[in-house]
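Trainee: I am new to this structure and should be grateful for a close look at one part of it. Please choose a single element, describe its surroundings and its charged side chains, and then set it beside other parts of the chain.

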Amino acid sequence: MSSKATAPSDSPRPSEFVRIEAAALNELAHRLDTTLLAPFTEAINHLLQAATNQSRVIVTGIGKSGIIARKIAATLRSTGTPAHFLHAAEAIHGDLGMLTSGGVVLALSYSGETEELLRLLPTLKRLNTTLVAISGCGTSTLAQASNIFLDASVSVEACTLNLAPTASTTVMLALGDALALEVSRLRQWKVEDFADLHPGGRIGRRLARVRELMHTGDALPQVSESTPMPQVIYEMSRKKLGMTTVLKDGHLAGMISDGDLRRLLERDGSHALEHTAAEIMNSHPHTIEGSALASSALALMEDKKITSLIVVGPGSQVEGVVHLHDLWTLQLT
């Protein structure tokens with residue numbers, strides 16, 4: 001007989017835990033369309049004002065709620081709203097200095113009776129902060145003391161004992177994400193803005209700008225309009241980008257590619273080297289600005305079936321060249 005233990009037949013399947021949390025999120029979504037819409041909008045207005053005025057937004061909590069508070073603060077920061085996490089227990093030991101008069105405080109406590117948070121209430125009132133309580137109990141001390149109460153209640157926790165914070169912390173997290181993303185949307189936060197705050201990792205690679213990748217200085221292939229073809233070919237071979245810019249007083253006059261050279265040889269044969277750069281260049285090459293995202297450069301190259309883009313500034317002044325291989329190394333797709 002096997003001694004391996006088996007789960008009771010009436011035990012919940014793991015998927016049921018997820019369904020309970022999903023149901024709690026659906027309840028939250030319904031409230032955001034109804035009873036929660038007005039206080040949510042009011043909270044957004046205060047956060048918008050704080051972001052516009054560069055006032056400090058503080059997110060605080062303790063325990064599991066503190067972990068969620070830390071993540072909400074991080075999401076606010078990454079989407080353009082200056083925010084800091086304040087550990088509720090550390091606050092009364094000096095970290096209250098993080099608070100500023102007139103700021104916004106998001107306080108997370110499902111019960112609304114967390115002792116460490118309640119100790120902060122007199123200081124929050126003295127500093128004239130806007131207190132936004134994210135809690136599951138509207139009659140709690142925290143909710144009653146707040147300027148705005150955001151209902152994060154759930155019907156039941158996913159925990160089979162209905163004790164461990166599970167569905168409730170998921171709802172708090174989703175509510176915090178909704179706050180951060182709505183503020184970001186109303187501020188018309190763009191991809192370029194997001195890129196400035198995420199220079200590292202895969203996100204950073206996806207949001208890299210062309211100026212960070214382009215070949216400049218001695219690595220930039222360049223000839224003048226009067227440059228004879230032997231020197232043009234030498235410059236193209238030496239810089240190894242399969243092309244060269246043609247400049248006139250530092251400004252873009254045209255471009256010569258490997259394809260242009262092949263077509264010239266097919267057409268003129270042994271007389272191909274008798275030309276100058278101006279006589280064979282493409283005077284309307286594809287260009288891009290240095291502030292453009294690398295992903296935009298890649299999309300343009302793939303659409304036009306080209307391998308290089310000339311990076312130009314005001315007045316068609318050449319700043320560099322970005323090559324398809326430079327973009328492939330970023331794993332943008």
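Mentor: Let me begin with burial: a residue is called buried under 20% relative accessible area, exposed over 50%, and partly exposed in between (1.4 Å probe, protein chains only). The model is predicted, so local features need pLDDT of at least 70 and side-chain atom pairs pLDDT 80 or more, whereas totals for chains, interfaces and linings use all residues. Residues are numbered from 1 along each chain as its sequence is written, and side-chain values use heavy atoms, with hydrogens and water left out.

The whole chain provides the setting. The protein chain has 333 residues, and 44% of them are buried. Its secondary structure consists of 15 helices and 11 strands, taken as DSSP runs numbered from the N terminus (helices H or I, at least four residues; strands E, at least two). A contact joins heavy atoms within 4.5 Å. Of the contacts between residues at least 6 apart in sequence, 64% connect residues at least 24 apart.

The element I have chosen is helix H12, which covers residues 258-268. Its buried residues are Gly259, Asp260, Leu261, Leu264 and Asp268. Among the elements that cover these residues are helix H11 (229-239), strand E8 (251-257) and helix H13 (277-280). Just after H12 comes glycine 269, whose phi is positive, at about 55°.

One of the buried residues, aspartate 260, also takes part in a salt bridge, that is, a side-chain nitrogen of Lys or Arg within 4 Å of a carboxyl oxygen of Asp or Glu. The partner of aspartate 260 is arginine 263, and the N to O distance is 2.9 Å. These two residues of H12 are separated by about one helical turn, because they stand 3 residues apart. The principle is a general one: an α-helix has 3.6 residues a turn, so residues three or four places apart point the same way. Aspartate 260 counts as buried because its relative accessibility is 14%.

Helix H11, one of the elements covering the buried part of H12, holds a salt bridge with the same kind of spacing: arginine 238 and glutamate 235 both lie in H11, 3 residues apart, or about one turn. Their side chains meet at 3.0 Å, N to O. The two ends of this bridge differ in exposure, because arginine 238 is partly exposed at 46% relative accessibility, while glutamate 235 is buried at 7%. Glu235 and Arg238 also belong, together with Lys239, to a network of salt bridges.

A further example is found in helix H8 (residues 167-186), where arginine 185 and glutamate 182 lie about one helical turn apart because 3 residues separate them. In their salt bridge the closest N and O atoms are 2.7 Å apart. Arginine 185 counts as exposed because its relative accessibility is 53%, and glutamate 182 counts as partly exposed because its value is 21%. The bridges described here are among the 9 salt bridges that a search of the whole structure finds.

For a contrast with H12, consider two strands. Strand E4 (residues 130-135) has 6 of its 6 residues buried, so the rest of the structure largely encloses it. On one side of E4 are Thr130, Val132 and Ile134, and on the other are Leu131, Ala133 and Ser135; both faces are covered. Two strands are said to pair if DSSP finds at least two bridges between them. E4 runs parallel to strand E3 (residues 104-108), with 5 bridges between them, and valine 105 has leucine 131 of E4 as its bridge partner. E4 also runs parallel to strand E5 (residues 148-151), joined by 4 bridges. There, valine 132 stands opposite isoleucine 148.

Strand E11 (residues 318-323) is likewise largely enclosed by the rest of the structure, because 5 of its 6 residues are buried. Strand E10 (residues 308-312) pairs with E11 over 5 bridges, in the antiparallel sense. Isoleucine 310 stands opposite valine 321 of E11. The two strands form a hairpin with 5 residues between them, and glycine 315 in the turn has a positive phi of about 70°. A positive phi was also noted at glycine 269, just after H12.
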